[in-house]
Amino acid sequence: MTKKNILIVEDEPFLGLNIKQKIESFGFHVIAVVPSGDEAFQIVSEKVPDLILMDINLEGSLDGIETAESLREQFSVPVLFLTGFLDDTARHRINQNASYAYLMKPFTSEQLKEAVSGFTA
């Protein structure tokens, strides 16, 4: 069985590294950890991941939801949003698409593993 490839888009470097270590401990391969939607596009255009873990608040002009929508249109990649704050508007934008889900920060390793495994089964 080949390892599933995951891209992490997180603007807080320490948190991105922490998530990367957890994901790799679950047996997945992390392609990269990037802080912005622009960098996410660059990575995905080179190697389309099986799943993107995306913060909603990112560096740059696009938020995580806008980035996910553009990536989905071009590459059809499912997205798991990792966020500490989710207002009604953001929740509605996420719930409109079946290939999106979200996990509220702070989350346990077990919650993260369960959420990621649901996408990569």
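1. Contact is taken here to mean heavy atoms within 4.5 Å, and on that basis what covers the buried residues of helix α1 includes the strands β1 (5–9), β2 (29–34), β3 (51–54) and β4 (79–83) together with helix α5 (109–120). The coordinates under discussion are those of a predicted model, and the remarks below should be read with that in mind.

2. The UniProt annotation "domain: Response regulatory", which comes from an unreviewed entry, covers residues 5–120. Over residues 5–120 the chain is 47% helix and 22% strand, and the C-alpha atoms at the two ends are 9 Å apart.

3. The sheet is open and is formed by 5 strands in the order β2-β1-β3-β4-β5, with parallel pairing. Its edge strands are β2 and β5 (100–104), each of which pairs on one side only, and the twist from one strand to the next averages 20 degrees.

4. Within this sheet, β3 and β4 run parallel and are joined by 3 bridges. Leu 53 stands opposite Leu 80 in β4, while Met 54 stands opposite Phe 81 in β4.

5. Strand β4 is mostly covered, since 5 of its 5 residues are buried, that is, under 20% relative accessible area. In a regular strand the side chains alternate between the two faces of the sheet. In β4 both faces are covered, with Val 79, Phe 81 and Thr 83 buried on one side and Leu 80 and Leu 82 buried on the other.

6. Helix α1 (residues 13–25) has 13 residues and reaches 18 Å from its first C-alpha to its last, which is close to the 18 Å expected at 1.5 Å a residue. In α1, the residues Gly 16, Ile 19 and Ile 23 are buried; because they cover an arc of only 65 degrees around the axis, they are placed on the same side of α1. The face of α1 turned away from its buried side carries Pro 13, Phe 14 and Ser 25, which are exposed. Just after α1, Gly 27 takes a positive phi of about 100 degrees.

7. As to the packing of helices on the sheet, α1 lies across β1, β2, β3 and β4 and runs at about 175 degrees to β2. Helix α3 (residues 64–75) lies across β3, β4 and β5, running at about 165 degrees to β3.

8. In helix α2 (residues 37–46), the buried residues are Gly 37, Ala 40, Phe 41, Ile 43 and Val 44. What covers the buried residues of α2 includes the strands β1, β2 and β3, and also helix α3.

9. Asp 55 deserves separate comment, as UniProt, again in an unreviewed entry, places the feature "modified residue: 4-aspartylphosphate" at this residue. Asp 55 is found in the loop between β3 and α3. Is Asp 55 buried or exposed? The cut-off for a buried residue is under 20% relative accessible area, and Asp 55, at 5% relative accessibility, therefore counts as buried.

10. Leaving aside its neighbours within four places in sequence, Asp 55 is in contact with Val 9, Glu 10, Asp 11, Gly 64, Leu 82, Thr 83 and Lys 105. Among these partners, Leu 82 and Thr 83 are also buried residues of β4, where they are listed on opposite faces.

Technical notes:
Residues numbered from 1 in each chain as written. Predicted model: local features only at pLDDT ≥ 70, side-chain atom pairs only at ≥ 80, totals over all residues. Heavy atoms only, no water. UniProt positions renumbered as here; feature names shortened; annotations may be inferred. Helix = DSSP H or I, 4+ residues; strand = E, 2+ residues; numbered from the N terminus. Expected span 1.5 Å × (residues − 1). Buried < 20%, exposed > 50% of the residue type's maximum accessible area, 1.4 Å probe, protein only. Arc of directions from axis to C-beta. Pairing = 2+ DSSP bridges. Axes fitted to C-alpha atoms, helices over the stretch in contact; angles between N-to-C directions.
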